[in-house]
Amino acid sequence: PEMVEGVPAAFDWRQQSPNCVHPIRDQQQCGSCWAFAATEAFSDRFCIASQGAVDVVLSPQDMVSCDPWDMGCNGGILSWAWSYLQNTGVVSDQCNSYVSGNGQVPSCPKTCDDGSAKKKYKCAAKSVVKASGVSAIQSELMANGPVETGFDVYEDFFSYKSGVYHYTSGSKAGGHAVKIIGW
């Protein structure tokens, strides 16, 4: 592995701030990884930045149903997702829970599931950065919390279990977005 000067050989937010690293969730039969990885990283970053005071799981469903620039269960563009988080914001998962696991995308709800008013959580203006390269990604991750990334997956990915994914066989299946919590 590439060694980068000034960063530790290993870093894991689950050890640095275990209460702020929320579980990875199941997108089921909907191509909403772009929304899950974004809301999961944003949830963790909110908690880390507030030293645990703002500990909320944010709603991927809000993005799947309400983000006009992305394609719901048919995928999304990571930079567009973060623009939505910065410009519009998302509600908590408790407000709008995930219902698109079957591939169906309902229209954007006007209220929370219980009929109460929506409260949006937004990224601070100009806080969204695109970190390119190992060093920049490691620095951003250590300074501010988990980050979202995307990568190409191949047919062998569908039998992946754990560890670092390495291509072994099959043709390209598409892209996948994930939350990076460390190395």
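Here are three short exercises on this predicted model, each with a worked solution.

Residues are numbered from 1 along each chain as its sequence is written. Because the model is predicted, local features need pLDDT of at least 70 and side-chain atom pairs count only at pLDDT 80 or more, while totals for chains, interfaces and linings use all residues; side-chain values use heavy atoms, without hydrogens and water.

**Exercise 1. Find where Q27 sits and what its side chain is paired with.**

Step 1: Look for Q27 in the loop between helix 1 (13-16) and helix 2 (33-49). Helices (H or I, at least four residues) and strands (E, at least two) are DSSP runs, numbered from the N terminus.

Step 2: Zoom in on its side chain. A polar atom there lies 2.9 Å from the backbone oxygen of C30, and the backbone nitrogen of C33 lies 3.4 Å from a polar atom of the Q27 side chain.

Step 3: Now widen the search to contacts (heavy atoms within 4.5 Å). Leaving aside neighbours within four places in sequence, Q27 is in contact with S32, C33, F36, Y98, G101 and H176.

**Exercise 2. Check the length of helix 2, and work out whether it is enclosed or open.**

Step 1: The expected span is 1.5 Å times one less than the number of residues. For the 17 residues of helix 2 that gives 24 Å, and the end C-alpha atoms are 24 Å apart, so the two agree.

Step 2: Count buried residues (under 20% relative accessible area, with a 1.4 Å probe and protein chains only). In helix 2, 15 of the 17 residues are buried, so the rest of the structure largely encloses it.

Step 3: Look just past the helix. Q51 follows helix 2 and has a positive phi, near 55°.

**Exercise 3. Describe the largest nonpolar core.**

Step 1: Such a core is a set of buried Ala, Val, Leu, Ile, Met, Phe, Trp, Tyr and Cys residues joined through side-chain atoms within 4.5 Å. The largest one has 21 residues, and M63, W82 and L85 have the most contacts inside it.

Step 2: Ask who supplies it. Helix 2, helix 3 (60-66) and helix 4 (78-87) each give at least two residues, with the largest share, six residues, coming from helix 2.

Step 3: Pick W82 and list what it touches. Not counting residues up to four places away in sequence, W82 touches A38, A41, F42, C123, V128 and E148.

Step 4: Don't stop there! A second, separate core of nine residues includes F11, C47, V147 and I181.

Methods:
A polar contact is a pair of N or O atoms within 3.5 Å; within protein, one must be able to donate a hydrogen and the other to accept it, and residues adjacent in sequence count only if both atoms are side-chain atoms. Buried means under 20% relative accessible area, exposed over 50%, partly exposed in between (1.4 Å probe, protein chains only).
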